[in-house]
Amino acid sequence: MIIDCHGHYTTAPKALEDWRKRQIDALGSPGAGPKTSELRIGDDELRESVLGAQIRIQRERGTDLTVFSPRASFMAHHIGDARTSADWAALCNEQVHRVAQLFPDNFIGACMLPQSPGVPPGNCIDELERCVTEYGFVGCNLNPDPSGGHWKEPPLSDRWWYPLYEKMVELDVPAMVHVSTSCNACFHTTGAHYLNADTTAFMQCLTSNLFQDFPTLKFVIPHGGGAVPYHWGRFRGLAQDMKLPPLEEHLLHNIFFDTCVYHQPGIDLLLKVIPEDNVLFASEVVGAVRGIDPETGHHFDDTRRYVDAFPGLSEAGRRKVFEGNARRVFPRLDRALAAKGR
């Protein structure tokens, strides 16, 4: 079985985007914004939105199940206030849940959190618990920078985040550490801000004792970990200079990386540097890079090809990367699959 741990609902019907535009246009005018009940999207629209996109690509590339979450760039936590984010997150999570109900063999949900700049992360607990207990979601997307490229929140190691971590541990769900749109002109959203955030989140954890306080807390750092695998020697050296334990001991029981890296040398580097127990297959489909690589004739984001072509994985290692690690990092996913005999 091939589990893609990183997929977003980037093909949601336009009605969802239109609702969001009305919400944004009404900011500053209390009571003028749309009610969540005003969003009207039928099941046939939801089916159509994924059949020609995510499901078609699953079939063409031979993948089985996607951990599915709202569109990352649409989270835009910097817009409005906590109420704005709460309503928007609830709507987005509901659409993901509906898609997963319509196609339970293809998708299982992970939720967007209703984060807002300056608002303590404990504010997200109710939505997280609702999505896990009512919708059967298996994880969440955690934005370390709700300000949208200005990094106004404390680092992920700060106790400010601890109430949310306590609930994640209680519910046994990991977080994919994933920022949203950059509103800082210095940082392109997908080409810079995402990768900066991946690297930043890793370094914030490296310079802390977070996982001593939460030994079962799990983070998936997407996009291959940003710069982390490429500069693994730098991070090992920094940890050594800081008198910290080796990274394998200090971080790799809790931090994992996905395979959203869009060329063969990048995947080769990732799988050579990071232990196979810490790499989860992912493609981000349908995501930031959708074109065909003229050097190969294949889509940049066809990441299964790269993993298949890497010669250094044993068959046991392939099973870990494609399935076993995801089932271990997302225990609720494993239980949901086991309940279906998968």
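Good morning. I begin with a helix contact: L16, W19, R20 and Q23 in helix α1 meet T84, D87, W88, L91, C92 and Q95 in helix α4. By residue class, this contact of α1 with α4 comprises five nonpolar, three polar and two charged residues. I should state at once that the model is predicted.

How are these two helices arranged? Helix α1 spans residues 14-25, and it packs with α4 at an angle of about 175°, the axes lying 12 Å apart. Angles over 145 degrees count as roughly antiparallel, and α1 and α4 are therefore roughly antiparallel to each other.

Let me turn to the sheet. Which order do its strands follow? The sheet is open and has three strands in the order β1-β2-β3, with parallel pairing. Its edge strands are β1, residues 3-9, and β3, residues 107-109, each of which pairs on one side only. On average, neighbouring strands of this sheet are turned by 35° against each other, with direction ignored.

As general background, strands of a sheet pair through backbone hydrogen bonds, either parallel or antiparallel. In this model, strand β2, residues 65-70, pairs with β3 in the parallel sense over three bridges. One residue pair may be named here: F68 has G109 in β3 as its bridge partner.

Finally, I come to the helices that lie across the sheet. Helix α4, residues 82-102, lies across β1, β2 and β3 and runs at about 160° to β2. Helix α2, residues 43-61, also lies across β1, β2 and β3, and its direction is about 145° to β1. Helix α4 thus appears twice in this account: it meets α1, and it lies across the three strands. Thank you.

Key. Residues numbered from 1 in each chain as written. Predicted model: local features only at pLDDT ≥ 70, side-chain atom pairs only at ≥ 80, totals over all residues. Heavy atoms only, no water. Pairing = 2+ DSSP bridges. Helix = DSSP H or I, 4+ residues; strand = E, 2+ residues; numbered from the N terminus. Axes fitted to C-alpha atoms, helices over the stretch in contact; angles between N-to-C directions. Contact = heavy atoms within 4.5 Å. Parallel < 35°, antiparallel > 145°, perpendicular 65-115°, else oblique. Nonpolar A, V, L, I, M, F, W, Y, C, P; charged D, E, K, R; others polar.
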